[in-house]
Amino acid sequence: MGDDYRLTTHLVHAGEHLKRHSGGTPTAMPIYATATFLHPNSAGLDAAFERGSREDQFIYTRYGNPTVASLEAAMTVAASSRGAVAVSSGMAALYLALLAAGTPRGSTEPHPRHILAAYDLFGTSHALLRDFFSAQNVGLSYCDVTDLDGFRAALDRDEPDVVLVESLSNPLLKVADIAALAQYTHAANARLIVDATMTTPILHQPLIDGADIVVHSATKYLGGHADVSGGVLVTRTGLMLDTAQRYARLLGLGLGPFEARLVSRGIKTLALRVRQQCANAQHIAAWLRAHPRISRVIYPGSEDHLQHTLAARQFNGLFGGIVTFELADAVRETVFKLMDSLQLVLPATSLGDIYTLITYPPISSHRDISAEMRHAQGISDGLLRLSAGIEDVEDIIADLDQALRNL
Ligand SMILES: *Cc1c(COP(=O)(O)O)cnc(C)c1O
């Protein structure tokens, strides 16, 4: 593949039809439903083990599989990275990223000492830090990553070795200035992990801005069709890639070949889908803003969004497919009634699908967070998150309209 192709072209072709041999090369990467691979003789098998199951020297699917490698190759190019590791979920990718980022050079101890994380992380990411890492005596502290002075003070105070942020936070859509955060993180001798699930490679390339590891839940935009669970991490350096690959094999976190093919198929249309989702979200945000029952609309494409200028600079002229809004004077029952009245918009706990989805964070992504912390984060009892799908936006708006009338 020519390195000078643009991202959209790479997403269609990268990792596919790698070699054209005489028998006719499959255009689309086949699903290699096999646990093991044969070699011409024992010396060949020995050589494959020696090379560590790379490229076409496959041995055993937990070490590597051509269908999975094809997805990893595509994500490597899409993220301008040294390499990618495809795993079974976004949470597996995040766990692996924390282990890899927390393993100092020259060490094999996969144990961060102190993690500094953004306040408003995805709920399960919070729970992972608290119930797994903190429970194993890893230091843990939080900061508001939109306050750069506060962030620098937290780096000085806590001396973390790993920093974890989301490029666009969920559900409050705060925008992190990744270039600035990476610069300060590196000056403090720490490593920066960016969960870029919400922005995808179409909006943003955090590795180019200096992030060390980028994590995606492939269950969301990359897969995009609500039919697969997966995760991918990409790294800026070969060292962290090797570490992540080693732990993925040790822990058996790898994605299976069937799922890998669904994600590969998804990312071919990623650019088309995301652009449509962003356009739909922009329309929906404008419509909600004018609605009398809606007290607050959060969308980075709106000029009153606190980081609108940063979003405009950092996200390739797009503002994402998620709109967060607040139903005026709402209690949980009002929100339930709204959600139950929707006919087209699906009340499913995910985002980034072709289907427009609506979720209520207090019962889903932020269920594990105490009410006090939720409220402190700005997640009120009337707050809903809508993930724009690719349907005709007029139909989405008509559905929201009839459900709001029904309240
Ligand atoms: C969904 C999500 C995850 C977790 O991904 P899974 O594939 O569900 O494990 C992590 N981070 C963000 C921002 C998410 O939206």
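Here is a friendly conversation about a predicted model, its two sheets, its ligand site and a few single residues.

Me: Why is Glu109 called exposed?
Reply: Exposed means over 50% relative accessible area. Glu109 has 51% relative accessibility, so Glu109 counts as exposed. You will find Glu109 in the loop between H4 and E2. In sequence Glu109 and Leu99 are 10 residues apart, and their C-alpha atoms are 8.6 Å apart in space.

Me: What makes strand E7 largely enclosed by the rest of the structure?
Reply: A residue is buried when its relative accessible area is under 20%. In strand E7 (residues 231-235), 5 of the 5 residues are buried, so the strand is largely enclosed.

Me: How do you know that both faces of E7 are covered?
Reply: Look at each side in turn. Gly231, Leu233 and Thr235 lie on one side, Val232 and Val234 on the other, and all are buried. As a rule, side chains in a regular strand alternate between the two faces of the sheet.

Me: How do you know that E1 and E7 pair?
Reply: Two strands pair if there are at least two bridges between them. Strand E1 (residues 83-87) and E7 have 5 bridges, in the antiparallel sense. One place to look is Ala86, whose bridge partner in E7 is Val232.

Me: Which strand is joined to E7 by 5 bridges and has His216 as a partner of Val232?
Reply: That is strand E6 (residues 213-217), and E6 and E7 run antiparallel. His216 has Val232 in E7 as its bridge partner. Strands of a sheet pair through backbone hydrogen bonds, either parallel or antiparallel.

Me: What makes the pairing of E2 and E4 count, and in which sense do they pair?
Reply: The requirement is at least two bridges. Strand E2 (residues 114-118) and strand E4 (residues 162-166) have 3 bridges, and they pair in the parallel sense. Ala117 stands opposite Leu164 in E4.

Me: What is the order of the strands in the sheet of 7 strands?
Reply: The order is E1-E7-E6-E5-E4-E2-E3, the sheet is open, and the pairing is mixed.

Me: Why are E1 and E3 called edge strands?
Reply: E1 and strand E3 (139-143) each pair on one side only. Ignoring direction, neighbouring strands of this sheet are turned by 20 degrees against each other on average.

Me: What is the strand order in the sheet of 4 strands?
Reply: This open sheet runs E8-E9-E11-E10, with antiparallel pairing. Its edge strands are strand E8 (294-298) and strand E10 (357-359), each pairing on one side only. From one strand to the next, the twist averages 25 degrees.

Me: How do you know that E11 pairs with E10 and with E9?
Reply: Set the bridges against the requirement of at least two. E10 and strand E11 (residues 383-387) are joined by 3 bridges and run antiparallel. Ile358 stands opposite Leu386, and Leu357 has Ser387 as its bridge partner. Strand E9 (residues 322-327) and E11 pair over 5 bridges, also in the antiparallel sense. There, Phe325 stands opposite Leu384.

Me: Why is E11 called mostly covered?
Reply: The cut-off for buried is under 20% relative accessible area, and 5 of the 5 residues of E11 are buried. Leu383, Arg385 and Ser387 point one way, Leu384 and Leu386 the other way, and all are buried.

Me: What makes Ser217 and Lys220 polar contacts of the ligand?
Reply: A polar contact is a pair of N or O atoms within 3.5 Å. An N or O atom in the side chain of Ser217 is 2.7 Å from an oxygen atom of the ligand. For Lys220, a polar side-chain atom lies 2.7 Å from a ligand oxygen. Both distances meet the cut-off. The protein buries 90% of the 380 Å² that the ligand exposes when taken alone.

Me: Which elements give two or more residues to the shell around the ligand?
Reply: They are helix H4 (90-101) and helix H9 (218-222). By class, this shell has 3 nonpolar, 7 polar and 2 charged residues. Among the residues around the ligand are Met91, Phe122, Asp195 and Leu351.

Me: What is found at the start of helix H2 and just after H2?
Reply: At the start of helix H2 (residues 42-51), a side-chain oxygen of Asn41 reaches to within 3.2 Å of the backbone nitrogen of Ala43. Just after H2, Gly52 takes a positive phi of about 80 degrees.

Terms used:
Residues numbered from 1 in each chain as written. Predicted model: local features only at pLDDT ≥ 70, side-chain atom pairs only at ≥ 80, totals over all residues. Heavy atoms only, no water. Axes fitted to C-alpha atoms, helices over the stretch in contact; angles between N-to-C directions. Near = heavy atom within 4 Å. Polar contact = N/O pair within 3.5 Å; in protein donor to acceptor, adjacent residues only side chain to side chain. Areas by Shrake-Rupley, 256 points an atom, 1.4 Å probe, with all protein chains shown as cover. Nonpolar A, V, L, I, M, F, W, Y, C, P; charged D, E, K, R; others polar. Buried < 20%, exposed > 50% of the residue type's maximum accessible area, 1.4 Å probe, protein only.
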